[in-house]
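Trainee: I'm new to this structure and would love a close look at one part of it. Could you take me through the charged side chains and how they pair up, and then show me what surrounds them?

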Amino acid sequence: LTIFYTKPSAVWPDGKPWKMGFFEGIFDDLTNHLQTFADPTRPTNYYCELLVPNMRLQDIAGEVAVNRNELGPHARAGLYMRIYDCFDMSELIVNQPFKDRYAKILKRVPFHTRVDTYVRTAAQAEEDYHNAILEGHEGVIYRVDPCLFVEGTKSWHSIKRKRRYDMEGIVRYVFEGKGKHTEMLGSLEVELSNGKRVKVGRGAGFDDKALIKLWQDRLSIIGQTVTFSYEELSTSGVPLRNQLVAVRNYEA
């Protein structure tokens, strides 16, 4: 018996019938192959994702939407499956080290199905990221062992590392943090050179002490030039997911 889950509580695809052949053999061929290793007393979960090269996530979602009668043209041309983990569901996770799970995947998965790279050191992870940037990719995703969905979180246990760019602007307003960040700098409203204004959040490099001092000196920050980083530009040229890097000419 083969069951697909889009997340731990949702059977593929959210209660709708699975259209056999919709993914043009990607599911059918792989599951038929993996069934040759099946042991009813030791069910195995395989974790994978569907990818289309050089397409944004929202565009891929439209290409493979379950209410379509067939795949979109870009998905038909380039869709592939990448497997990144597996678990023997009859065994405790602590008794299944990742190197053994990874070896099982390499042994069982056919050559035409791609498998994630096994990163063993921080230096290798750093090298993979910089190689991805040099090749023109947005960045990398580090999946943290175990890959299982962590209750209370919005996503699988993974770290997304994307290339960030720098931009400057003038601070027009400052906002206090909320909750445990009360009496600390929360965010800034920054005016860009084109006159547009964006919200800039506190950067990851600022500890509580620095944020408290920035909030205490908030009046002197207004009108100052700041450098902030962002991940990408919107279609109208507005920087997105902004984080403060430094207040220019500011003495901490």
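**Charged pairs and their surroundings**

Mentor: Happy to. Let's start with one pair in this predicted model: E70 and R76 join their side chains in a salt bridge, with N and O 3.7 Å apart. R76 has a relative accessibility of 39%, so R76 counts as partly exposed. That bridge is one example from a longer list, since the structure holds 18 salt bridges.

Now look at K162 and E231. Their closest N and O atoms are 3.4 Å apart, and the two residues form a salt bridge. This pair links distant parts of the chain: K162 is in strand 7 (residues 158-162), while E231 is in the loop between strand 11 and strand 12 (232-233), 69 residues apart. Are these two charged residues buried or exposed? Both K162 and E231 are buried.

The K162 and E231 pair also belongs to something wider. Salt bridges link K162, R164, E231, E232 and R241 in a network. R241 deserves a pause of its own. It is found in the loop between strand 13 (239-240) and strand 14, and its relative accessibility of 44% makes it partly exposed. Its backbone is worth a look too: the phi of R241 is near 55°, a positive value in a residue other than glycine. As background, most residues other than glycine have a negative phi. E183 is another residue with a positive phi, about 65° in this case, although E183 is not a glycine. You will find E183 in the loop between strand 8 and strand 9, where its relative accessibility of 55% means that E183 counts as exposed.

Strand 8 brings us to another bridge. The side chains of E168 and R248 meet with N and O 2.4 Å apart. Here again, distant parts of the chain are linked: E168 belongs to strand 8 and R248 to the segment after strand 14, 80 residues apart. E168 is partly exposed at 41% relative accessibility, and R248 is partly exposed as well, at 37%.

Strands 8 and 14 also contribute to a nonpolar core. In the largest nonpolar core, which has 19 residues, L185, L188 and L244 touch the most other members. Which parts of the chain each supply at least two residues of this core? They are strand 8 (165-176), strand 9 (185-191), strand 10 (197-201), helix 6 (208-216), strand 11 (225-230) and strand 14 (243-247). To get a feel for the packing, pick out L244. Leaving aside neighbours within four places in sequence, L244 is in contact with a set of residues that includes L185, L188, V200, F206, L214, V226 and F228. R202 is a charged residue among those contacts of L244. There is also a second, separate core of 17 residues, with V64, L79, M81 and I105 among them.

Charged side chains can also be found over aromatic rings here. R143 lies over the face of Y84, 3.6 Å from the ring centre. In a similar way, R161 has its charged end over the ring of Y129, 3.8 Å from the centre of that ring.

Let's follow Y84 into the aromatic residues. The structure holds 6 aromatic pairs. In one of them, the rings of Y47 and Y84 have centres 6.4 Å apart and planes at 40°, so this pair is tilted. Y47 sits in strand 3 (residues 44-51) and Y84 in strand 4 (residues 80-88), 37 residues apart, so the pair links distant parts of the chain. Both Y47 and Y84 are buried. Ring pairs also bring in F87, which forms a cluster with Y47 and Y84.

A second tilted pair is made by Y102 and Y118, at 5.1 Å centre to centre and 50° between the planes. Y102 lies in helix 4 (residues 98-108) and Y118 in the loop between strand 5 (114-115) and helix 5 (122-134), so the pair ties together parts that are 16 residues apart in sequence. Y102 and Y118 are both buried.

Strand 3, strand 4 and helix 4 come together in one last stop, helix 1. In helix 1 (residues 26-34), the buried residues are F27, D28, L30, T31 and L34. What covers them includes strand 3, strand 4 and helix 4.

Conventions:
Residues are numbered from 1 along each chain as its sequence is written. This is a predicted model: local features need pLDDT of at least 70, side-chain atom pairs count only at pLDDT 80 or more; totals for chains, interfaces and linings use all residues. Side-chain values use heavy atoms; hydrogens and water are left out. Rings of Phe, Tyr and Trp (its six-membered ring) pair if their centres lie within 6.5 Å; planes under 30 degrees apart count as stacked, over 60 as edge-to-face and the rest as tilted. Helices (H or I, at least four residues) and strands (E, at least two) are DSSP runs, numbered from the N terminus. Buried means under 20% relative accessible area, exposed over 50%, partly exposed in between (1.4 Å probe, protein chains only). A charge sits over a ring if NZ of Lys or CZ of Arg is within 6 Å of the ring centre and within 35 degrees of the ring normal. A nonpolar core is a set of buried Ala, Val, Leu, Ile, Met, Phe, Trp, Tyr and Cys residues joined through side-chain atoms within 4.5 Å. Contact means heavy atoms within 4.5 Å. A salt bridge is a side-chain nitrogen of Lys or Arg within 4 Å of a carboxyl oxygen of Asp or Glu.
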